[in-house]
Amino acid sequence: MAADNADSTDSTVEGAISRLTAELDRLTEERVDHRFKALPPDADGLTVGELAAQRRNLFTGGFTTPVLALSAERLEHNLALMETYSERHGLAFAPHGKTSMAPQLFARQLERGAWGITLAVPHQVRVARAFGIERIFLANELVDAAALRWLAAELDSDPSFRFICYVDSVPGVALMDAALREAGATRPVDVVVELAAGDGARTGVRTEDECFDIANAVASADTLRLVGVAGYEGEVPDATPERVHAWLRRLTSLLAEFDKTNRFADLDEVVVSAGGSAWFDAVADVFAEIPELSVPVLKLLRSGAYVSHDDGHYRHLTPFNRVPQEGALEPAFRLWAQVVSRPTPEQAFANAGKRDAAYDLDLPEAQVVRRDGADRPATGVTVTGLSDQHAWIRTDSSAELSVGDWIGMGLSHPCTSFDKWQLIPLVEADGTVTDYIRTYF
């Protein structure tokens, strides 16, 4: 039976990748024009595919500044590393797609063994479905009647579509049930009870007794089917390895208790899911401890920021700092801007600001100065603030910086880097642009 299930899983993923690839072909036919920041003005009217085929150089091919570049080599490294990590630890992987909202990257993740894609809100689910994603984990509650009507129709029209979402209250279950009944849903929506990471955390059920109340409510609703438990360990208050491990054991114990009370009697597998980008090592540890249940367990990891990693927030938080023997992610984004003003020896301004760079967690980090085709370290150059379209730069006596120089900056927090750019050049180490990554925010 295990082999049959594996064959079925493989064929489902292969079918999803095939459909996704076909849908992605349409992106190459989109015309380049003023909608897309930084692309060469002389490329207007070309299709994205035609421009990619020209393999222009980011620095000499007519791109304007500011321009965000995604490293082809580092992207591939990160995709391969998390595929290997998940396999090594016996985890299924549904990377969080809200990080990039880039179907081209969803395809790369599926090709690298992902079970499916995690998303956060109905719009994102619609984007994924438009590109043929067959398995979606919605790491959020869904009580919007319009979205539930759409979901019911999507499930009814496609038997191969697998969808799972959170529930965290009895009123939420009632709203879902009412909307799905009104929609005439014929397939139940699979749900997992979300256990909160603690008092004062974000969403989720605060006590195990309430979890059982919600499970009872789901059992009374023909439109819903309880398939497991989930949560987000990144919300554990004052997180330490010990506290995160303790909460994850609460989560897996809840799964075992549900199983003991025959909550999963009619299922072929149950789901336990956690895992952001800061504690997936703890998830691997605790999920490895899950005892044998009455049905197989799908241990679903949901990390998303790994795809580009970063030069700030996740550089400090990544679990690979704690387990360096497992590998290391590489920051794949670099924002290139140009020095447009040098009013004093201590101050300069570049033409990238809040509209171009993530700044919600950390300011950009000046890394490289480029002049006349040569790069050098950005010694003595510090970004101190951002206006809408300017980076404020402090320079010390060691800085050699002139108007016209390009500055390459590392960014913090991938989620708010991707969403500022609709079409992102995918760039090889020598500056050759090989593709363009389309985002849908």
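**Exercise 1. Decide whether Asn-262 is buried or exposed, then look at its backbone.**

Solution. Start with the cover: Asn-262 has a relative accessibility of 60% and so counts as exposed, since the cut-off for that class is over 50%. Keep in mind as you go that you're looking at a predicted model. Next, place the residue: Asn-262 sits in the loop that runs between α9 (241-260) and β8 (270-274). Now check the backbone. Asn-262 isn't a glycine, yet its phi is positive, at about 60°. That's worth a second look, because most residues other than glycine have a negative phi.

**Exercise 2. Work through the loop between α2 and β1: what stands out at Arg-55, and what joins Thr-65 and Pro-66?**

Solution. Take Arg-55 to begin with, which lies in this loop. Arg-55 has a positive phi of about 50°, again without being a glycine. For its cover, the relative accessibility is 44%, so Arg-55 counts as partly exposed.

Then move along to Pro-66, also placed in the loop between α2 and β1. The peptide bond joining Thr-65 and Pro-66 is cis, with omega at about 0°. Why flag it? Because most peptide bonds are trans.

**Exercise 3. Classify the ring pair of Phe-59 and Trp-406, and say which parts of the chain it ties together.**

Solution. By the pairing rule the structure has 14 aromatic pairs. For Phe-59 and Trp-406, the ring centres are 5.7 Å apart and the planes meet at 65°, so this pair is edge-to-face. The cut-off behind that step is over 60 degrees.

Now locate the partners. Phe-59 belongs to the loop between α2 (48-53) and β1 (67-71), while Trp-406 is in strand β16 (residues 406-410), so the pair links parts that are 347 residues apart in sequence. As for cover, Phe-59 is partly exposed at a relative accessible area of 21%, whereas Trp-406 is buried at 12%. The dividing value here is 20%.

**Exercise 4. Add Trp-336 to the picture: how is its pair with Trp-406 described?**

Solution. Trp-336 and Trp-406 have 6.3 Å between their centres and 50° between their planes, and the pair is tilted. Trp-336 lies in strand β10 (residues 333-344) and Trp-406 in strand β16, so this pair connects parts 70 residues apart in sequence. Both Trp-336 and Trp-406 are buried. Put the pieces together and Phe-59, Trp-336 and Trp-406 make up one aromatic cluster.

**Exercise 5. Step back to the protein chain: why does its radius of gyration agree with a compact globule?**

Solution. With 441 residues, a compact globule would come out near 22 Å, and the protein chain has 23 Å, so the two agree. Along the principal axes, the C-alpha atoms fill a box of roughly 70 × 45 × 40 Å. Inside it, the secondary structure comes to 12 helices and 18 strands.

Next come burial and contacts. Of the 441 residues, 55% are buried. Among contacts with a separation of 6 or more, 71% are between residues 24 or more positions apart.

Finish with the surface and the charges. The protein chain exposes about 18200 Å², with carbon and sulfur atoms supplying 49% of that. There are 41 positive and 66 negative charges, and their mean positions lie 4 Å apart.

How values were computed:
Residues are numbered from 1 along each chain as its sequence is written. This is a predicted model: local features need pLDDT of at least 70, side-chain atom pairs count only at pLDDT 80 or more; totals for chains, interfaces and linings use all residues. Side-chain values use heavy atoms; hydrogens and water are left out. Helices (H or I, at least four residues) and strands (E, at least two) are DSSP runs, numbered from the N terminus. The radius of gyration is taken over C-alpha atoms; the globule rule is 2.2 Å times the number of residues to the power 0.38. Buried means under 20% relative accessible area, exposed over 50%, partly exposed in between (1.4 Å probe, protein chains only). Contact means heavy atoms within 4.5 Å. Accessible areas come from the Shrake-Rupley method with a 1.4 Å probe; for residues, only the protein chains shown count as cover. Lys and Arg count as positive and Asp and Glu as negative; His and the chain ends are not counted. The place of a charge is taken as NZ of Lys, CZ of Arg, CG of Asp or CD of Glu. Rings of Phe, Tyr and Trp (its six-membered ring) pair if their centres lie within 6.5 Å; planes under 30 degrees apart count as stacked, over 60 as edge-to-face and the rest as tilted.
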